[in-house]
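Q: I should like to learn how to read features of a protein model, one at a time. May we work through an example together?

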Amino acid sequence: MTEREAAPAAASADSRNLVMRIAAAAVLIPLAVAIAYAGGWLWAALVTLAAVGLFVEWLAIVGLAGATRVMVPGVAALAVAGLCFAIGRLDAALIVLGVGFVTVVSIAPERRNWAAAGFLYAAAAEIASVLVRLDPVKGFAALMFVLLIVWVTDSGAYFAGRGIGGPKLWPRVSPKKTWAGAAGGFAASLAVAAGFAALDLGRIGPLLMLSGALSVASQLGDLFESAVKRRFGVKDSSHIIPGHGGLMDRLDGFVAAVVVAALFGLLRGGADGVGRGLMVW
């Protein structure tokens, strides 16, 4: 196939992929928002399923997909911790995750550091996602703030990168990402802050700073996952989501952003007031 013939074929593939991405998002986003709104055990269950999926995909990426002796205790710890979160026992959940981490590290037959990192990645996502939503007053607003920033950062970066192009952000790790895309995603996140302020859900100054920080975290999370996949020669973490690849491919930015948000909210509002710590100034 000549270069002239390859160009239309590539454009057609990109168009189909975009349609699949939009169709999947049209189903998954309303479902995620509805469960986030419900909160409680429903949100804990969704977060736990996602954390288990992240851990399993991580093991597959680093070449430990067949290491059942590592996967089973890790998955069990994440699942039991999710049950503890669902009944409001944060202390028990942290203990279970601590035991799970020690177990995974102790019995990993090879690539022990990578197995440990994968469990920490999944556990951090699980803990942070629960903590951000936990506050009954501001939890939903805080969670939606994080989710919207991640979504618009991803979309803004995608369209700005394709429309403007220009210098690559980190070509060795992610050849398609550009500085223009990073700037577009960052600018889109500021619009979320302005919207929340307009709805009287927070003060504009702090929300702008927070949205910028979370947008940067989201993009760094995306690059981090790309670096891990590049290290092991993997293109997609899996093919579970049409047009998006795997859970890690879809949640990499969210994991980084929600962990940063949870840490920030924890410092300002305590374990039961992470939402207030993020939204009330």
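Q: Is aspartate 222 buried or exposed?

A: Please keep in mind that this is a predicted model. The general idea is to compare the relative accessible area with a cut-off: a residue under 20% counts as buried. Aspartate 222 has a relative accessible area of 18%, so aspartate 222 is buried.

Q: With which residue does aspartate 222 form a salt bridge?

A: Side chains of opposite charge can pair when their charged atoms come close. In this structure, aspartate 222 pairs with lysine 177, and the closest N and O atoms are 3.5 Å apart. Lysine 177 belongs to strand S2 (residues 174–178), while aspartate 222 belongs to helix H8 (residues 204–232), so the salt bridge ties together parts that are 45 residues apart in sequence. As for its surroundings, lysine 177 has 25% relative accessibility and therefore counts as partly exposed.

Q: How many salt bridges does a search of the whole structure find?

A: The search finds six salt bridges. One of them joins aspartate 135 to arginine 276, with 3.1 Å between the closest N and O atoms. This pair links distant parts of the chain, 141 residues apart. Aspartate 135 is in the loop between helix H5 (112–134) and helix H6 (139–164), and arginine 276 is in helix H10 (residues 274–279).

Q: Are aspartate 135 and arginine 276 buried or partly exposed?

A: Each partner is to be judged separately. Aspartate 135 has 0% relative accessibility and so counts as buried. Arginine 276, at 35% relative accessibility, counts as partly exposed.

Q: Which residue forms a salt bridge with aspartate 249?

A: The partner of aspartate 249 is lysine 229, and their closest N and O atoms are 2.7 Å apart. Aspartate 249 sits in helix H9 (residues 247–269) and lysine 229 in helix H8, so to read the pair one looks at two helices, with these positions 20 residues apart in the chain. Aspartate 249 is buried, with a relative accessible area of 13%. Lysine 229 also counts as buried, at 9% relative accessibility.

Q: Which residues are linked with lysine 229 in a network of salt bridges?

A: Salt bridges may be read as a network where they link several residues. Here, Glu225, Lys229 and Asp249 are linked in such a network.

Q: How do H8 and H9 pack, and at what angle?

A: To describe a pair of helices, one states the angle, the distance between the axes and the handedness of the crossing. H8 and H9 pack at an angle of about 135°, and their axes are 7 Å apart. That angle makes H8 oblique to H9. The crossing of these two helices is right-handed.

Q: At what angle do helix H2 and helix H3 pack?

A: Helix H2 (residues 40–61) and helix H3 (residues 68–86) pack at about 165°, with 9 Å between their axes. An angle over 145 degrees counts as roughly antiparallel, and H2 and H3 are therefore roughly antiparallel to each other. Their crossing is right-handed.

Q: Where is cysteine 84 found?

A: Cysteine 84 is found in helix H3. At 11% relative accessibility, cysteine 84 counts as buried. A distance between C-alpha atoms can also be read from the model: those of cysteine 84 and valine 192 are separated by 33 Å, and the two residues are 108 residues apart along the chain.

Q: Which residues form a nonpolar patch on the surface?

A: Phe186, Val216 and Leu220 form the patch, and together they have about 250 Å² of accessible area. Phenylalanine 186 lies in helix H7 (residues 179–198). At 32% relative accessibility, phenylalanine 186 counts as partly exposed.

Q: What is the phi of arginine 111, and what is that of aspartate 200?

A: Most residues other than glycine have a negative phi. Arginine 111 has a phi near 50°, a positive value in a residue other than glycine. Aspartate 200 has a positive phi of about 60°, although it is not a glycine.

Q: Where do arginine 111 and aspartate 200 lie?

A: Arginine 111 lies in the loop between helix H4 (90–107) and H5, and it counts as partly exposed at 41% relative accessibility. Aspartate 200 lies in the loop between H7 and H8. At 66% relative accessibility, aspartate 200 counts as exposed.

Technical notes: Residues numbered from 1 in each chain as written. Predicted model: local features only at pLDDT ≥ 70, side-chain atom pairs only at ≥ 80, totals over all residues. Heavy atoms only, no water. Salt bridge = Lys/Arg side-chain N within 4 Å of Asp/Glu carboxyl O. Helix = DSSP H or I, 4+ residues; strand = E, 2+ residues; numbered from the N terminus. Buried < 20%, exposed > 50% of the residue type's maximum accessible area, 1.4 Å probe, protein only. Patch = residues over 30% accessible without salt bridge, like charges linked within 9 Å, V, L, I, M, F, W, Y side chains within 5 Å. Areas by Shrake-Rupley, 256 points an atom, 1.4 Å probe, with all protein chains shown as cover. Axes fitted to C-alpha atoms, helices over the stretch in contact; angles between N-to-C directions. Parallel < 35°, antiparallel > 145°, perpendicular 65-115°, else oblique. Left-handed = near helix turned anticlockwise from the far one by under 90°.
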